[in-house]
Amino acid sequence: MGGAVSAGEDNDELIDNLKEAHYIRSDLVERAFRAIDRADYYLEEYRDSAYKDLAWRHGNIHLSAPCIYSEVMEALDLHPGLSFLNLGSGTGYLSTMVGLILGPFGVNHGVELHADVIEYAYQKLDYFIKTSESFDKFEFCEPSFVAGNCLEIPSESRQYDRVYCGAGVQRDHEEYMMNLLKVGGILVLPLEEKLTKITRTGQSSWETKKIIAVSFAPLVLPKDYTSNIKPKTAPLPMFEVRTLQELARIAIRHTLRVTTDSGEGQPRGRGSFGGGRGLGVSGLHKYGPRFKRRRIHRRHCNSVVLSSALPISAPLDNNNNRGGQEEEQGRATRGAGEEEEEAAEEEAEEEAERETGELLRAEPPINILRERILCLPLPEPLKMYLLYYREK
């Protein structure tokens, strides 16, 4: 499934194409997609295919097409502080994007059938935390994965606000999946070749909406599913209460980030950051890191403005009027001089660009949050803890 949009040269161009085709429709989802480079979840020898709107599989490792993930993210209607369960969590790409929106006080769990894929997912998660420019721009709900078959989750397990299943589901398992939801929760799954959104409106009431036609590999049934042998269970990840040390790190980073964003040390308005502390807090750049080295084109425009004298309704004092005219003439003279200086500066810049063969570009912005942490009067081990031991 895929191929609905044109391939991009990089992650940003892929997202631009998904937006143009209306697969990505909300700012929140767009920011999450831009913050995480899809190619980072590919094996190195396959990175050239990362920005095509196609699914990718290598052994047990699998990524759905970007257009599918876009529809899933939009249908989940994510907010900070929600609990999320990803059935068939795979590489962790989707779970990591979801974590940017849930914020540090959400719950982000995944169940994956293959142990080698879980190991791969944790490697990619560690790489994102340690190296991605996006990590310091958002407050993150780190995903937790367990190995197991999602059809073996005990019936008494906790329920979630949002659930996604990344494998084809038949009608026989629809009710089983729906029971994983809290009241008011949303389940998104490929149900009989249709990506479907199911909302639990009450203890025994549901609303169902078909989104798009899809083709997914079916759920793998447990080995003893059809026998009389009692099936083994697949426990969900533990819900761990954060330590005071972790809470202190979250609070310090949040305070420094909000101070950085407002520039005056005051909390920003309601439109930027809610109690859940999710992706909306990132004021350093609306769409996360986007410092692509694009060639800049300047366009000069020489225009002539013609104006006619308009009658003045009230008489003016001659002296005041004469003074105003002289003042306006002075301003016009100064304005012409400033324009000449600007034009001379631009010509000098263009000359330098022609000589070097490359346009002058601004340096990428400094990671202000990191700089503020490094300036704190704290021992170096505590600073590194606040930085999540990131090297840059």
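**Close-up views of a predicted chain**

**View 1. F105 sits in the loop that runs between α4 (93–102) and β4 (107–112).** Keep in mind that this is a predicted model. F105 is partly exposed, and its relative accessible area comes to 39%. Together with L244 and L247, F105 makes up a nonpolar patch on the surface, and the accessible area of the three adds up to about 310 Å². For the wider setting, the chain exposes about 22,200 Å², with carbon and sulfur atoms supplying 50% of that.

**View 2. Zooming out, the chain is built with ten helices and nine strands.** There are 392 residues here, and 43% of them are buried. Take the contacts with a separation of 6 or more: 65% of these link residues that are 24 or more positions apart.

**View 3. F33 and M73 touch the most other members of the largest nonpolar core, which has 54 residues.** Two or more residues of this core come from each of α1 (11–20), α2 (27–35), β2 (61–63), α3 (66–76), α4, α5 (115–131) and β7 (181–191). There's also a second, separate core, made of 23 residues, with V107, V111, V163 and I198 among them. As a rule, nonpolar side chains in soluble globular proteins tend to be buried together. Now look around F33: leaving out residues up to four places away in sequence, F33 touches N11, I15, I24, P66, Y69, S70, M73, Y93 and M97.

**View 4. Helix α1 packs its buried residues against α2 and α3.** Those buried residues of α1 are N11, D12, L14, I15, N17 and L18. Look at the start of α1 and you'll find D10, with a side-chain oxygen that comes to within 3.3 Å of the backbone nitrogen of D12. Past the other end, α1 is followed by H22, and the phi of H22 is positive.

**View 5. H22 and E192 are two residues other than glycine with a positive phi, near 65 degrees for H22 and near 50 degrees for E192.** Most residues other than glycine have a negative phi. H22 belongs to the loop between α1 and α2, while E192 is part of the loop between β7 and β8 (194–202). H22 counts as exposed because its relative accessible area is 57%. E192 has a value of 36%, so E192 is partly exposed.

**View 6. Y120, a residue of helix α5, is tucked away as a buried residue.** The relative accessibility of Y120 is 8%, which is why the residue counts as buried: the cut-off is under 20%. Y120 and T91 are 29 residues apart along the chain, yet their C-alpha atoms are separated by 6.4 Å. Besides T91, Y120 touches Y41, Y42, L43 and I61, if you skip residues up to four places away in sequence.

**View 7. N86 is a buried residue in strand β3 (residues 83–87).** Just 1% relative accessibility is left for N86. Its side chain makes a polar contact with the side chain of S95, at 3.0 Å. Setting aside residues up to four places away in sequence, N86 touches L94, S95, H109, G110, V111 and Y164.

**View 8. R390 pairs up with D136, one of the structure's salt bridges, of which there are 14.** The closest N and O atoms of R390 and D136 are 3.5 Å apart. R390 lies in the segment after α10 (380–386) and D136 in the loop between α5 and β5 (144–147), so this pair ties together parts that are 254 residues apart in sequence. Both R390 and D136 are buried.

**View 9. D40 and R47 meet in another salt bridge, through their side chains.** The N to O distance for D40 and R47 is 3.4 Å. D40 is partly exposed at 22% relative accessibility, and R47 is partly exposed as well, with a relative accessible area of 25%.

**View 10. E174 and R171 join their side chains in a salt bridge, 2.8 Å from N to O.** E174 is the buried partner, with a relative accessible area of 13%, whereas R171 is partly exposed at 41%. Elsewhere, D12, D16, K19, E30 and R34 are joined into one network by salt bridges that share partners.

How values were computed. Residues are numbered from 1 along each chain as its sequence is written. This is a predicted model: local features need pLDDT of at least 70, side-chain atom pairs count only at pLDDT 80 or more; totals for chains, interfaces and linings use all residues. Side-chain values use heavy atoms; hydrogens and water are left out. Helices (H or I, at least four residues) and strands (E, at least two) are DSSP runs, numbered from the N terminus. Buried means under 20% relative accessible area, exposed over 50%, partly exposed in between (1.4 Å probe, protein chains only). Contact means heavy atoms within 4.5 Å. Accessible areas come from the Shrake-Rupley method with a 1.4 Å probe; for residues, only the protein chains shown count as cover. Patches are made of residues with over 30% relative accessible area and no salt bridge: like charges are joined within 9 Å, nonpolar side chains (Val, Leu, Ile, Met, Phe, Trp, Tyr) within 5 Å. A salt bridge is a side-chain nitrogen of Lys or Arg within 4 Å of a carboxyl oxygen of Asp or Glu. A nonpolar core is a set of buried Ala, Val, Leu, Ile, Met, Phe, Trp, Tyr and Cys residues joined through side-chain atoms within 4.5 Å. A polar contact is a pair of N or O atoms within 3.5 Å; within protein, one must be able to donate a hydrogen and the other to accept it, and residues adjacent in sequence count only if both atoms are side-chain atoms.
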